[in-house]
Amino acid sequence: MTTVPTQEGITLTGFVGEVIKRLGRLVVDVQQCQPRRGIVRIDPDATVEVARQLLAMSGSRLATATGIEVRDGIDILYHWCFEPEGVVLTVKALAARPELAIDSIAPVVPAANWIEREMHDLLGAQFRNHPDMRRLILDDSWPQGVHPLRKDFDQVLDRPPLPSAPTDGGGPKEAGP
Amino acid sequence: MSHRTVINIGPFHPLQEEAEFFQLYVEGETVVDVDVRISYNHRGIEKLDESKTFDQVPFVVERVCGICSASHPLAYVQAVEEIAQVKVPERALYLRTIVNELERLHSHLLWVGLAGHFLGYNTVFMWAWKYREPVMEILEITTGSRVNYANCKIGGVRRDMTAEQLQQIDRVCVDLVGPLDMLTKAVLDDPVLHARLKKVGVLTPADAKAYGATGPTARGSGVAIDVRRDDPYAAYDRLDWQVITAPDGDVFSKAVVRLLECFEAAKIIRQCVRDIPGGEIDAKVEAIPPGEGVGHVEAPRGETFHYVRSDGSNRPVRHKIRAPSYNNIPTFKASCVGLQIPDVAITLASVDPCYSCTERMCVALDAQTRKPLYDFAELVRLSQLKTQQMRKEW
């Protein structure tokens with residue numbers, strides 16, 4: 001008797017099932033539960049709580065995260081690895097339109113710092129309470145609000161003009177012999 | 001309050017293969033904080049892959065990195081094979097293992113050489129690269145190229161190896177063990193290197209977990225994680241080998257892990273040559289159904305992670321690539337703080353940062369006057385100088 005809602009034909013067994021059961025009501029949908037792979041969708045308001053619980057489990061680490069543009073917004077997929085079980089658990093949280101925002105897990109999991117900045121740059125997802133939301137991938141001269149990994153961004157037609165040479169004289173261009 | 005200075009390392013410098021930008025915040029000689037900026041060479045490969053067919057993507061992703069050019073395609077095809085539930089022929093699994101371990105051998109030897117150079121041990125640099133060369137040559141003989149092997153395809157491998165080629169590979173591994181032994185002893189028995197590298201750039205197991213460190217960076221901190229053992233792929237679960245760890249988390253531990261892993265790699269390759277079964281090398285996959293899959297592979301620097309989503313068409317809807325250095329480089333925030341400036345170069349080098357994977361270079365500017373204080377060449381010189389001094393005092 002589990003309280004976790006699962007899709008038809010999926011039973012919570014093995015190590016992956018145990019991890020999902022421990023997350024309990026934070027999980028809103030179990031999409032895959034195999035011996036070494038699991039996919040769950042969580043309540044988008046519970047990202048931090050889920051991250052805290054997963055990080056506290058032994059042998060867990062955040063491998064990375066993927067942002068995917070879907071109809072209702074941007075799906076943020078956090079990929080958690082468990083060793084030595086060799087399990088990859090993918091935790092999905094929807095950053096719904098129009099805000100496209102979820103709570104950042106970077107304050108709890110430092111490994112999420114860069115990847116959340118990357119998703120912010122490339123897809124325009126917003127991460128509330130991120131400790132350092134400077135640009136990571138895009139250049140500072142790249143226009144605001146243009147996200148190159150969006151499906152409607154065309155690499156040729158939508159490419160912004162190259163910035164003019166900086167005139168402030170500071171920074172790394174003084175580098176080198 | 002002491003005077004705080006910013007030392008810029010990057011983003012472009014002749015000593016660095018690619019662009020990456022470290023800013024060291026120093027008070028006197030002591031590093032108090034590190035900031036990293038990446039992506040000066042971002043090539044948009046994830047976006048590009050969305051316009052390629054499933055069969056074309058391996059050739060794109062092997063160009064993510066010239067050194068991990070066996071690991072990235074393998075991680076990708078494993079993700080796709082997970083979606084399509086492909087059973088890969090045994091012989092192909094062994095061939096994948098051989099190429100991936102040859103890659104580990106040449107990558108670790110490259111690192112040993114570079115680390116030697118940073119410390120002023122240029123003989124080590126010459127030796128390591130000399131002994132690396134036969135590995136590169138055998139890769140060229142068997143796959144057709146020193147880099148970008150075009151080896152993996154969905155459902156198997158593209159190119160078989162003849163019995164003669166397998167014997168040549170075996171020969172290379174046998175011949176490599178002697179020089180590897182010498183290199184390892186030269187490092188492990190050198191009292192100056194002990195003094196120079198121990199307790200420098202320490203990454204604690206807790207920090208390794210928090211930053212999601214992988215590969216030798218984590219194993220050097222005593223965290224025994226290895227995708228080859230934990231989530232076996234290719235033929236690793238059929239072979240006898242050890243996960244190498246070292247307990248201290250310092251630069252010395254990471255060097256030990258890499259050197260000892262070379263022996264394991266040679267051992268794995270020799271077992272593959274001995275045990276490889278005959279038969280098909282390709283499962284002949286026809287279509288990729290809708291679904292999502294992850295593939296991860298233990299590349300020389302750590303776990304390479306790929307996520308692929310398919311909608312049933314002939315192109316991936318989304319392909320996420322995460323190279324190991326992306327998780328390993330942020331550990332500098334933990335391992336560099338408190339170091340002296342001459343120790344920074346080798347600590348930065350100790351995770352074997354791969355710039356394709358992530359991004360780097362270096363100049364020190366005075367925070368007030370913006371005049372250059374150190375560039376990366378200067379940091380390497382300071383590092384070499386410190387070794388010389390220690391050698392004299394010894």
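Which residue in β8(B) stands opposite S310(B)? The partner is P316(B), and here is a short tour of the surroundings. This is a predicted model, where local features need pLDDT of at least 70, side-chain atom pairs count only at pLDDT 80 or more, and totals for chains, interfaces and linings use all residues. Residues are numbered from 1 along each chain as its sequence is written, while chains are lettered from A and ligands numbered from 1 in the order in which they are written.

**The sheet**
- In chain B, an open sheet of 3 strands follows the order β6-β7-β8 with antiparallel pairing (strands are DSSP runs of E, at least two residues, numbered from the N terminus; two strands pair if DSSP finds at least two bridges between them).
- β6 (291-299) and β8 (316-322) of chain B are at the edges with a single partner strand each, so one side of each has no neighbour in the sheet.
- Strand β7 (residues 302-310) of chain B pairs with β8(B) in the antiparallel sense over 6 bridges.

**A helix across the sheet**
- Helix α3 (residues 71-84) of chain B lies across β6, β7 and β8 of chain B, at about 150 degrees to β6(B) (helices are DSSP runs of H or I, at least four residues; axes are lines fitted to C-alpha atoms, for helices over the stretch in contact, and angles run from 0 to 180 degrees between N-to-C directions).

**The two domains**
- Chain B is assigned domain 1 (4-40 + 329-393) and domain 2 (45-326), with bounds from an automatic or database domain assignment.
- Between them, 27 residues of domain 1 of chain B contact 30 residues of domain 2 of chain B (contact: C-beta atoms, placed from the backbone, within 7 Å).
- On the side of domain 1 of chain B that touches domain 2 of chain B, α15(B) gives the most, with 7 residues.

Note on methods:
Two residues are in contact if their C-beta atoms, placed from the backbone, lie within 7 Å.
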